[in-house]
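Here is a walk through one protein chain, taken from its overall make-up to single residues. Keep the sequence and the model side by side while reading.

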Amino acid sequence: MFCSQCGKPVPDGARFCPFCGCSIEMVHTPSSPTPPPIPNTAPQKPVNYPQQPTNSYPQQPVNSYPQDVNQKPILTKKANLKRGAEFVGGHIDLYPDRLYFNSHSFNIQTGATTIMLADIVDMGTELIPTMFWVKTRQGEKHTLVVWGRKEVMDTIRFLKTKL
């Protein structure tokens, strides 16, 4: 027989566990003793991950789409967007009026970020050949990593001339 509190073996006929002192209920035990189930040791409180940085563009749910779901993106690329100290994996879609980043659902920081092309006031490259940044008129700097950054930057420049 085993103690239901601590799981240690208890002599037959004992009224209290010799290890933890818990009262033992008299239960018929099978011929081959089986240990009690392992207590659930999962944390009771949810883990608090760092919050996403706030910006003037509202974060959209993971599987949300830009306003016009019938509009096809001009350019789509796999990309990473810097959020705080983390680069979040996902993809970017370039539309005639906006850059839309949607993260993979398995990231700690999930959700979408929309940057209106009219708000972009500056763009530049970093030392890493796949990294570039955009600055908005709100003073925010968004750093992205994307294979083919020249194509993405040239497309943004072209689309800005059409606004």
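Buried residues make up 36% of the 163 residues in the protein chain; buried means under 20% relative accessible area, exposed over 50%, and partly exposed in between, with a 1.4 Å probe and protein chains only. The model is predicted, so local features need pLDDT of at least 70 and side-chain atom pairs count only at pLDDT 80 or more, while totals for chains, interfaces and linings use all residues. Residues are numbered from 1 along each chain as its sequence is written, and side-chain values use heavy atoms, with hydrogens and water left out.

The protein chain has one helix and seven strands, in the pattern β-β-β-β-β-β-β-α along the sequence. Helices (H or I, at least four residues) and strands (E, at least two) are DSSP runs, numbered from the N terminus.

The seven strands form an open sheet with antiparallel pairing, in the order β4-β3-β2-β1-β7-β6-β5. Two strands pair if DSSP finds at least two bridges between them. At the edges are β4 (112-116) and β5, each of which pairs on one side only. From one strand to the next the twist averages 30 degrees; axes are lines fitted to C-alpha atoms, for helices over the stretch in contact, and angles run from 0 to 180 degrees between N-to-C directions.

Strand β1 is a good place to look at the sheet in detail. Nine bridges pair β1 with β2 in the antiparallel sense, and one partnership sets threonine 76 against aspartate 93 in β2. The hairpin of these two strands has two residues between them, and there glycine 84 takes a positive phi near 70 degrees. β1 is also joined to β7, by three bridges and again antiparallel; asparagine 80 stands opposite valine 145 in β7.

In a regular strand the side chains alternate between the two faces of the sheet. Along β1, Leu75, Lys77, Ala79, Leu81 and Arg83 point to one face and are buried, whereas Thr76, Lys78, Asn80 and Lys82 point to the other and are not.

The helix comes next. α1 lies across β1, β2, β3, β5, β6 and β7, and runs at about 160 degrees to β5.

Which residues touch the most other members of the largest nonpolar core? They are Ile92, Leu94, Phe132, Val152 and Ile156, out of 20 residues. A nonpolar core is a set of buried Ala, Val, Leu, Ile, Met, Phe, Trp, Tyr and Cys residues joined through side-chain atoms within 4.5 Å. Two or more residues come from each of β1 (75-83), β2 (86-94), β3 (98-103), β5 (120-125), β6 (131-136), β7 (141-146) and α1 (149-161). α1 gives the most, with four residues. Leaving aside neighbours within four places in sequence, isoleucine 156 is in contact (heavy atoms within 4.5 Å) with Leu94, Leu99, Leu117, Ile120, Met123 and Phe132. Another core, of six residues, lies apart from this one and includes Met1, Cys3, Ala14 and Ile24.

One last residue is threonine 143, in strand β7. Threonine 143 is buried, with a relative accessible area of 9%. Not counting residues up to four places away in sequence, threonine 143 touches Asn80, Leu81, Lys82, Phe87, Met131, Phe132 and Trp133.
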